[in-house]
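Let's take a short walk through this structure together, one stop at a time. Keep the viewer open and follow along.

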Amino acid sequence: MSYTLKQLAEKIGAKVHGDESYVIHSLATLSNANAQQIAFLANKKYSQQLSDTKAGAVIIASTSLTACNTNALVMDNPYLGYALTAQLLDTTPKPAHNIHPSAQISEGVSLGEKVAIGANAVIEKGAVISDHVIIGAGCFIGEQSKIGSHTKLWANVSVYHRVEIGTNCLIQANTVIGSDGFGYANDKGTWLKIPQLGSVIIGNNVEVGASTTIDRGALEDTVIKDGVILDNQIQIAHNVVIGENTAMAACSVIAGSSTLGKNCVIAGLVGINGHIDVVDNVVFTGMSMVTKNINEAGVYSSGMPCQTNKEWNKDNARIRKLESILKRMKSAEHDIEHLNKIIEKE
């Protein structure tokens with residue numbers, strides 16, 4: 001697979017500086033690219049590598065053009081250019097080709113046109129698999145689940161019963177969609193399981209990372225709306241609703257019945273309590289703990305940054321003294337107030 005710089009520029013919306021007929025075969029970093037590859041500069045941290053790169057071309061902003069010693073594709077957002085070029089030069093194989101003889105497809109399953117199903121996949125009765133869906137090896141699709149056209153499941157994805165996944169979605173390996181939410185009632189110390197009777201509804205153009213779990217709703221559905229991107233090893237509990245185009249990084253968790261707005265960004269290791277409402281356009285930085293509703297857009301943080309063990313021990317020792325310091329401050333305030341009263345009387 002190869003493109004001339006003119007072809008690439010037309011497809012990603014860039015302008016060529018240099019030889020339009022120059023042929024590119026693949027992508028690489030500025031430091032490691034060779035003459036048949038294209039690199040990109042989107043982070044000023046790597047600007048010093050631009051003048052020394054051996055890349056055949058570089059995707060850059062116009063402000064970096066003077067430092068570039070090779071062909072260039074110039075555009076306002078080089079990182080977007082990198083993403084679009086990566087899509088064009090993508091060499092990732094498909095999870096499955098055709099329908100493997102070992103796939104177990106129950107009677108009553110509706111298969112669209114040009115569906116591919118990998119080895120040892122199981123599709124239960126009543127499932128609807130739309131056109132151009134690709135289901136990887138070892139996947140399980142439960143009864144009456146629906147998968148929209150052009151959606152791709154990598155190996156060993158489990159989709160429970162009555163789950164709906166929209167069009168053009170990507171589900172990475174070992175993810176579980178529609179497992180039981182964590183619902184129990186306590187009867188004098190014994191936990192009584194509450195059947196989870198809702199489902200999971202996933203919109204269009206959603207991507208879900210590897211080993212992520214999305215629980216089905218208790219009564220109503222868990223809903224992941226259009227354009228959401230979820231990283232690896234995320235936990236989405238029952239009855240959660242995530243708004244359009246929200247992004248969530250690895251190892252973050254959302255407890256039950258919480259609602260996130262549109263265009264939010266959830267960094268890694270964030271924890272969101274149950275029954276929390278978050279408005280649109282909110283950013284939570286890494287390790288934030290969300291314990292109350294967020295009613296205004298903006299950036300929110302909590303957690304403690306990494307420091308040396310010696311510094312942490314000192315700070316922790318000071319924290320343990322805060323209660324006694326607070327008591328002394330209150331006592332001092334009381335004494336000052338008492339003295340002010342005496343002065344006023346005099």
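Our starting point is S199, which sits in the loop between β22 (190–193) and β23 (200–202). Bear in mind as you look that this is a predicted model. Is S199 buried or exposed? Its relative accessibility is 5%, and because buried means under 20%, S199 counts as buried.

Now look at what surrounds this serine. Setting aside residues up to four places away in sequence, S199 touches H161, R162 and V163, and also R216, G217, E220, D221 and T222. One of these neighbours deserves a closer look: a polar atom of the S199 side chain lies 2.4 Å from the backbone oxygen of R162.

That brings us to R162 itself, which is placed in the loop between β17 (158–159) and β18 (164–165). With a relative accessibility of 35%, R162 counts as partly exposed. Beyond its neighbours within four places in sequence, R162 is in contact with E143, Q144 and S145, with L197, G198, S199 and V200, and with R216. You can also find K146 from here: 16 residues separate R162 and K146 in sequence, and their C-alpha atoms are 7.2 Å apart in space.

For the last stop, turn to the largest pocket, whose volume is about 420 Å³. Its lining is made up of A83, A86, Q87, D90, T92, K152, W154, L170 and E207. Which helix gives the largest share of that lining? Helix α2 (residues 78–88) does, with 3 residues. By character, the lining divides into 4 nonpolar, 2 polar and 3 charged residues.

Technical notes: Residues numbered from 1 in each chain as written. Predicted model: local features only at pLDDT ≥ 70, side-chain atom pairs only at ≥ 80, totals over all residues. Heavy atoms only, no water. Helix = DSSP H or I, 4+ residues; strand = E, 2+ residues; numbered from the N terminus. Buried < 20%, exposed > 50% of the residue type's maximum accessible area, 1.4 Å probe, protein only. Polar contact = N/O pair within 3.5 Å; in protein donor to acceptor, adjacent residues only side chain to side chain. Contact = heavy atoms within 4.5 Å. 1 Å grid on protein atoms, 1.4 Å probe; cavity = no way out; pocket = protein on both sides within 12 Å on 5 of 7 lines; lining within 4 Å. Points joined across faces, edges and corners; volume = space filled by probe spheres on them. Nonpolar A, V, L, I, M, F, W, Y, C, P; charged D, E, K, R; others polar.
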